[in-house]
Amino acid sequence: MTTTIEHPKLQTLHLSDSPSQTTISLEPFNLPASNQRTLGPPHPPNTVIPLALRPTPESTKTLTLDAVTNTIKTLQARDKTFTKHLAKHGTLLFRNLPIHNAHDFSTFAHAFGYKPHEIIGIVVDRPLLAPNVAPANEAPSSVQIYNHNESPQVPHAPEYIFFYNFRAPAKGGETPISSSLELFHRAQREIPEFIDDLAEKGILSTVTYTPEKQYEGSSTLRQAFGKEIDDSDDEETRRGKIEAQIRRYGRGKYTNWQWREDGAVVVTHRLPVIRTQVGTNLPTLFTGLAAYWRRVQANDEARSNVTRQLFGDGSPIPERYLERLAEITDEIRVLHKWEEGDVLVFDNIVAQHGREPWEGKQGERVVLASLWDGESVPGGYGFGEWAQVVQAIDG
């Protein structure tokens with residue numbers, strides 16, 4: 001069973017007679033129903049997630065990475081074709097492209113013209129493999145990473161996320177995909193009092209950073225905030241440099257921190273969960289609350305203790321709200337079954353992602369990630385200065 005897909009108008013482009021300017025044509029195609037679904041309101045009718053694209057048969061004759069990147073650059077320069085499709089569908093799948101390694105993936109991602117995202121306060125270990133490319137997540141294969149927007153626990157988040165599958169496991173390891181716009185629409189209809197509380201209060205997100213890793217695949221305090229630290233720095237200097245990085249969030253009194261005797265720092269942010277999509281002003285749930293609740297229910301203390309979330313006034317979030325949020329997410333998500341070479345691109349404001357466990361060894365699933373900033377940040381929705389979204393201050 002497959003879904004009906006709305007075909008975008010992508011035409012073959014001829015830029016010049018120079019072979020270096022060869023372009024290709026991309027066509028939409030259908031995926032199995034478990035991997036692709038028609039989105040509900042507020043998305044337009046017959047809008048699917050993900051929108052799957054591949055080269056036309058004619059394009060295979062000139063299918064090179066240069067041809068692919070020339071096509072993307074031209075369409076983006078002409079009318080921001082892919083940015084518009086991302087805003088509409090939330091997620092794009094590119095399949096059968098000549099992307100074979102981290103450097104090819106980096107070249108592909110750079111072609112979209114976005115600005116590389118600097119991660120401040122990273123909570124997972126992401127060593128650099130190529131320009132703006134790192135492993136997606138190094139947590140053990142048995143760990144489920146539930147649907148979330150990227151970096152919902154800190155003020156500074158990317159607008160676009162690229163994932164590239166270098167190696168796919170035989171069973172499991174799918175990437176869940178769901179719409180944050182649809183999640184808000186359903187939650188507002190089914191648990192409106194929860195949405196009212198989020199709009200009025202936001203959340204308090206408390207993240208603990210320790211000198212050593214808190215679980216396999218997590219980051220250290222120095223990885224999170226210590227990029228300016230030298231090995232010769234004394235403790236006071238180290239703390240000063242870490243605090244300077246925290247201040248770069250630009251949230252003023254809505255971000256504060258406290259040092260512990262063991263050398264850890266606990267950072268607390270008051271954040272908006274409800275944000276609005278640029279261009280449409282549609283409200284979206286930009287959050288990891290369902291994932292946070294799932295970790296608590298699974299007794300995953302190591303990960304649950306790193307980030308704790310309350311309403312913005314310090315009161316606990318009722319579990320019935322979090323449980324229903326997770327149930328809605330289950331109802332609207334699909335599981336992308338990877339084929340080697342696949343690239344998924346997410347509009348992080350309107351789409352959520354995750355990671356399913358898989359059978360086999362850790363290295364049997366290798367997915368790389370690349371994070372990017374857009375031209376503008378999402379709009380505010382709640383009440384007060386704390387509800388406004390800002391980018392980090394340049395350091």
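**Exercise 1.** Which residues in H5 meet which residues in H10?

*Solution.* The model is predicted: local features need pLDDT of at least 70, side-chain atom pairs count only at pLDDT 80 or more, and totals for chains, interfaces and linings use all residues. Residues are numbered from 1 along each chain as its sequence is written, and side-chain values use heavy atoms, with hydrogens and water left out.

Step 1. Locate the helices, which are DSSP runs of H or I with at least four residues, numbered from the N terminus (strands are runs of E with at least two). H5 covers residues 192-201 and H10 covers residues 319-332.

Step 2. List the contact, meaning heavy atoms within 4.5 Å. Glu193, Phe194 and Asp197 of H5 meet Tyr321, Leu322 and Leu325 of H10.

Step 3. Sort these residues by class (Ala, Val, Leu, Ile, Met, Phe, Trp, Tyr, Cys and Pro are nonpolar; Asp, Glu, Lys and Arg are charged; the others, Gly among them, are polar). The contact of H5 with H10 has four nonpolar, no polar and two charged residues.

Step 4. Take the angle between N-to-C directions, on a scale from 0 to 180 degrees, with axes fitted to C-alpha atoms over the stretch in contact. The axes of H5 and H10 cross at roughly 105 degrees and come within 10 Å. H5 and H10 are therefore roughly perpendicular (65 to 115 degrees; under 35 is roughly parallel, over 145 roughly antiparallel, the rest oblique).

**Exercise 2.** Describe how H1 packs against H2 and H3.

*Solution.* Step 1. H1 (residues 65-79) and H2 (residues 81-89) pack at about 80 degrees, their axes 6 Å apart. H1 and H2 are therefore roughly perpendicular.

Step 2. The H1 side of this contact is Ile72, Leu75, Gln76, Arg78 and Asp79, and the H2 side is Thr81, Phe82, Thr83 and Lys84. By class, the contact of H1 with H2 has three nonpolar, three polar and three charged residues.

Step 3. With H3 (residues 102-110), the axis of H1 crosses at roughly 20 degrees and comes within 9 Å. H1 and H3 are therefore roughly parallel.

Step 4. Leu65, Val68, Thr69 and Ile72 of H1 make this contact with Asp104, Thr107 and Phe108 of H3. The contact of H1 with H3 has four nonpolar, two polar and one charged residue.

**Exercise 3.** Which class supplies 20 residues of the lining of the largest pocket?

*Solution.* Step 1. The lining has 20 nonpolar, 13 polar and eight charged residues.

Step 2. H8 (289-297) is one of the elements that supply at least two lining residues each. The largest share, four residues, comes from H8.
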